[in-house]
Amino acid sequence: MLSSAFRRAATAAASRSPATAVARRTMAMGPASGGEISDELLAKLGSLSTQALVDGLWVMGWPSAQIDGARPLHPSHKCVGRAVTLNFVPARPDIAQDKPAGGNSPEYEAFEKCGPNDVLVMSSVGPWESVGGDIKFLRLKQRAIGGLVTDGSVRDTDEIVKYGFPCFSYSTTARQGPAAMQPWECNGVVSVSGVTVRPGDAVVGDQDGVVVVPAKVAEKVYGIAHGREEIEDIVKEELMKNPGPPGKYYPFMSGKIKPDSPLGKLLATKGITPENLTNPIR
């Protein structure tokens, strides 16, 4: 009797302990957003090419942040904004039943969070599935959205181009999306073509593609990327004046430019040293 009562008491005590509470949790999550980006910094990031931003992240040793396959719907399309994310999941009857209906659907929640300094990032279940068309996206035009990026496809292409907001997608399609997938979550962490996107990250798109700059390191990425663009402009100017192979000026990697190298000497003529290339904001 005593041993049985002792076991029951011990079990009850263990169930109340912090360690057991942690063990019982079915899921632990960090914050969805990784930080905040000011309007000033956002504009500076948007002034750079996607190549420079990719290079900046590469120099820092961060994973690739280019959303492969997201191509501009029109040659004039360029975008910059903070990410508002929307995640789609494969269609299933109970998913369709359980998600908020009508205007309360997660996709419309995401739409209403978007404005001129925001880019709606839609994570599709497949490249050929439709994330939306002219009726839904009319609201994005009304919101004067900064851009739309998806690893899926869009439909009613001619109308979307007329709407005027920048759109980057894998392709276009005549398919209907609801048969294949349902919008499930607004402003969670999503994977788009294998690239992680957190709400508030900077999203920059141009004719070379779309790059995601993590909010947590956006300032440092800008400093490196801006410095590299300055270097490229100087090298290009020099090669136009004195034609020859560009190889002697490589590498451009911050922290590895030697003052006595051809590139180091060329930069010195412009008053630039390897040290001041590492300033975070210039």
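This briefing walks through the main features of the protein shown above, grouped by topic. The structure is a predicted model. The protein has 282 residues, of which 45% count as buried, and its secondary structure comes to 10 helices and 12 strands. Among contacts between residues at least 6 apart in sequence, 75% join residues at least 24 apart.

**The nonpolar cores**

- The largest nonpolar core holds 23 residues, and the members that touch the most others are I37, L45, L53, V213 and V221.
- Several elements each bring at least two residues to this core: the helices α3 (39-46), α4 (50-60) and α9 (218-241), together with the strands β11 (202-206) and β12 (209-213).
- A second core, separate from the largest one, has 21 residues, including L73, L86, C114 and V154.
- To see the largest core from one residue's viewpoint, try V221: beyond four places in sequence, V221 touches L53, L57, M60 and V213.

**Where α4 meets α9**

- Two packed helices are described by the angle between their axes and the distance between the axes.
- For α4 and α9, the angle is about 115° and the axes are 8 Å apart.
- The two helices, α4 and α9, cross in a right-handed way.
- On the α4 side, the contact is made by A52, L53, D55, G56, L57, W58, V59 and M60.
- On the α9 side, the residues in the contact are K220, V221, I224, A225, R228, E229 and E232.
- Sorted by character, the residues of the contact between α4 and α9 are nine nonpolar, one polar and five charged.

**Buried residues worth a look**

- R82 is found in strand β2 (residues 79-90).
- With a relative accessibility of 18%, R82 counts as buried, because the cut-off for buried is under 20%.
- The side chain of R82 makes a polar contact with the side chain of D39, at 2.4 Å.
- Beyond four places in sequence, the contacts of R82 are I37, S38, D39, L42, N117, D118, V119, G200 and D201.
- Q182 sits in strand β8, and with a relative accessible area of 11% Q182 is buried.
- Leaving aside residues up to four places away in sequence, Q182 is in contact with N87, F88, V89, A91, I95, A96 and K99.
- F111 belongs to helix α6 (residues 106-113), and its relative accessible area of 1% makes F111 buried.
- Not counting residues up to four places away in sequence, F111 touches L120, K136, F137, R139, L140 and R143.
- F111 and V84 are 27 residues apart along the chain, while their C-alpha atoms are separated by 8.6 Å.

**A180, a loop residue**

- A180 lies in the loop between β7 (171-172) and β8 (181-186).
- Is A180 buried or partly exposed? A180 is partly exposed, because its relative accessible area of 24% falls between the cut-offs of 20% and 50%.
- Outside its neighbours within four places in sequence, A180 is in contact with V89, P90, A91, V125 and E129.
- From A180 to G126 there are 54 residues in sequence, yet the two are 9.0 Å apart in space, C-alpha to C-alpha.

**Two residues with positive phi**

- Most residues other than glycine have a negative phi.
- A144 has a phi near 55°, a positive value in a residue other than glycine.
- You will find A144 in the loop between α7 (134-142) and β4 (147-150), where A144 is partly exposed at a relative accessible area of 43%.
- N187 also is a residue other than glycine with a positive phi, in this case near 60°.
- The place of N187 is in the loop between β8 and β9 (190-192), and with a relative accessible area of 25% N187 is partly exposed.

Notes: Residues numbered from 1 in each chain as written. Predicted model: local features only at pLDDT ≥ 70, side-chain atom pairs only at ≥ 80, totals over all residues. Heavy atoms only, no water. Core = buried A, V, L, I, M, F, W, Y, C linked by side-chain atoms within 4.5 Å. Buried < 20%, exposed > 50% of the residue type's maximum accessible area, 1.4 Å probe, protein only. Helix = DSSP H or I, 4+ residues; strand = E, 2+ residues; numbered from the N terminus. Contact = heavy atoms within 4.5 Å. Axes fitted to C-alpha atoms, helices over the stretch in contact; angles between N-to-C directions. Left-handed = near helix turned anticlockwise from the far one by under 90°. Nonpolar A, V, L, I, M, F, W, Y, C, P; charged D, E, K, R; others polar. Polar contact = N/O pair within 3.5 Å; in protein donor to acceptor, adjacent residues only side chain to side chain.
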